[in-house]
Amino acid sequence: MSRFLNIVPVAEAVAIVIRFSPEPAMEKVPVESAAGRILAADITADTDIPGFDRSVVDGYAVRAADTAGAGDAIPALLHCTGRITMGRQDEKAVVGPASCAYIPTGGVLPAGADAVVMVEYTEDESDTVLVKKAVSHGENVLLHDEDFKKGEIVFFAGRQITPQDAGVLAACGCAMVTVAKKPIVGIISTGNELVPVTVVPGPGQVRDANASMLAAYLTEYGCIPRLYGIIADEREAFESVLTRALPECDVILLSGGSSKDDRDMTAAVIAAMGKVLVHGIAIAPGKPTIIGRIAEKPVFGLPGHPASAFVVLVAIVRPLLDRMLGISQPLQRTERATIAVNIPSQRGREEYVRVSLKNGVATPLFGKSGLLNTLIRSNGLIRIPAGAEGLEQGSVVEVILW
Ligand code: AMP
Ligand code: MG
């Protein structure tokens, strides 16, 4: 029996979600706290980096030609004209033929010099320096603008900032970085049987696992979860919590009550307060999923089973988050693996199978849909396209890692 008459394929559901996705909002954050955030604008270098020819070793600035043929047996003898001071451009420091100047790492290469001999390959005897190794033109020197040129795009919008990036951003003069604002996602758990984590469930009761799971995922994905607790399967409770949550959030996730049973309230309430765009997706697990909109805000009804809710979160909600964050590359990691056994699947619905991964082999975890243990025994999901009757043992698939 199916009361889901208008089941839409996953690709269509995602397209609908993307179509009504709010534009990414932006904010500025200090560069030192920008790691993990998504760049909202391209970043260009505001100066040449480096701004001068720079020694990368401690040693002597020389004309490379003067060291030709130098070795331990026959060192080149160069006249030392002085020392380069760090952090200053000394216009008077000039290295002429057969001469050299001491230069520390990071010092400005003096005019006339075109290479640096490492101090390890030299010996100094008063004003004369013995160079025991030949250097080539440009050796041990970082050339002016060799790293980045002024005006060059160093980072493109949509990139997730790494700690290394923060260093390069600082070098480019970005004290404040424009990043995507973290979407605020409201989480509402629904069900008469639910009790909070702190309560020992009585007969017929279960702890609310979804709120914590959804919140943890959203936090990791760069969003701000906002928890609204547990509500009963009653219309007034739905309406009142949604009325409170909608102005405070950018997106709302309701878990439970998304099916078509008489007790299932989500679809009716969304329809009354806004619009139901999708009710039923060709995805397993996760068919009883609702995509709706109230007051221009995306509202999802996720299935109550935690494993199903998680699959829908990854497959359907995540593309919305990507859009809202302006992510150029989805943050979800994937890994190629070979399938350990044949996996049957019903043609016509896209199936996501939880798998455990070991040494490049993905083993499906078949289990009853309400089990929690498959969530922690699995490393991710493999997708069986709607048009396939399953996947054959030995075929290579992309595992969407949790
Ligand atoms: P429903 O989608 O409301 O029909 O619920 C399906 C199953 O998921 C039922 O066994 C519920 O008790 C369970 N369930 C619903 N919400 C949660 C939740 N927040 N945490 C854990 N299990 C839940
Ligand atoms: Mg329920």
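## Pockets, sheets and odd backbone spots

The second largest pocket has a lining of eight nonpolar, two polar and two charged residues. That pocket belongs to a predicted model, so take everything below as a description of that model. The domain assignment splits the protein into domain 1 (10–25 + 181–325), domain 2 (26–48 + 153–180), domain 3 (54–142) and domain 4 (334–401).

**The second largest pocket**

- Its volume comes to about 280 Å³.
- The residues lining the second largest pocket are Q160, M213, A216, Y217, E220, Y221, F310, L331, Q332, R333, L401 and W402.
- Helix α3 gives the largest share of this lining, with four residues.

**The largest pocket**

- The largest pocket has a volume of about 690 Å³.
- Its lining counts 32 residues, and E193, G256, P303, G304 and H305 are the closest to the pocket centre.
- Three elements give two or more residues to the lining: β15 (206–207), β19 (283–284) and α6 (306–325).
- Sorted by class, the lining of the largest pocket holds 14 polar, ten nonpolar and eight charged residues.
- Domain 1 and domain 4 each supply at least three residues to the lining of the largest pocket.

**How domains 1 and 2 meet**

- The C-alpha centres of domain 1 and domain 2 are 32 Å apart.
- Six residues from domain 1 and six residues from domain 2 make up the contact.

**The sheet with β16 and β18 at its edges**

- This open sheet has six strands in the order β16-β13-β17-β21-β20-β18, and the pairing is mixed.
- β16 (224–231) and β18 (275–279) sit at the edges with a single partner strand each, so one side of each has no neighbour in the sheet.
- From one strand to the next, the twist averages 20 degrees.
- At one edge, β18 runs antiparallel to β20 (residues 290–294), and four bridges join them.
- If you want to find that pairing in the structure, look for V278, whose bridge partner in β20 is I291.
- Helix α3 (residues 210–220) lies across four strands of this sheet, namely β13 (184–190), β16, β17 (251–255) and β21 (297–302).
- The angle between α3 and β13 is about 165 degrees.
- Helix α3 therefore turns up twice in this briefing: across the strands just named, and in the lining of the second largest pocket.

**The sheet with β7 and β8 at its edges**

- Here again there is an open sheet of six strands with mixed pairing, in the order β7-β4-β6-β5-β9-β8.
- β7 (115–118) and β8 (122–125) are the edge strands; each has a single partner strand, so one side of each is left without a neighbour in the sheet.
- The twist in this sheet averages 40 degrees from one strand to the next.
- Strands β5 (residues 76–83) and β6 (residues 99–103) run parallel and are joined by three bridges.
- H79 pairs up with S99 of β6 as its bridge partner.
- At the β8 edge, four bridges join β8 to β9, and these strands run antiparallel.
- Within that pairing, L130 in β9 is the bridge partner of E123.

**Backbone spots worth a look**

- As background, most residues other than glycine have a negative phi, and most peptide bonds are trans.
- S126 is not a glycine, yet its phi is positive, at about 45 degrees.
- Where does S126 lie? You'll find S126 in the loop between β8 and β9 (128–131).
- The hairpin of β8 and β9 has two residues between the strands, and S126 takes its positive phi there.
- The peptide bond from I49 to P50 is cis, with omega near -10 degrees.
- P50 sits in the loop between β2 (43–44) and β3 (54–55).
- A second cis peptide bond runs from A284 to P285, with omega near -5 degrees.
- P285 is placed in the loop between β19 and β20.
- That loop follows on from two elements already mentioned: β19 gives residues to the lining of the largest pocket, and β20 pairs with β18.

Methods:
Residues are numbered from 1 along each chain as its sequence is written. Chains are lettered from A and ligands numbered from 1 in the order in which they are written. This is a predicted model: local features need pLDDT of at least 70, side-chain atom pairs count only at pLDDT 80 or more; totals for chains, interfaces and linings use all residues. Side-chain values use heavy atoms; hydrogens and water are left out. Two strands pair if DSSP finds at least two bridges between them. Axes are lines fitted to C-alpha atoms, for helices over the stretch in contact, and angles run from 0 to 180 degrees between N-to-C directions. Contact means heavy atoms within 4.5 Å. On a 1 Å grid over the protein atoms alone, a cavity is a set of points where a 1.4 Å probe fits but cannot get out, and a pocket is an open set with protein on both sides within 12 Å along at least five of seven lines; lining residues have an atom within 4 Å of a point. Grid points are joined across faces, edges and corners, and a volume is the space filled by probe spheres set on the points. Ala, Val, Leu, Ile, Met, Phe, Trp, Tyr, Cys and Pro count as nonpolar, Asp, Glu, Lys and Arg as charged, and the others, Gly among them, as polar. Domain bounds come from an automatic or database domain assignment.
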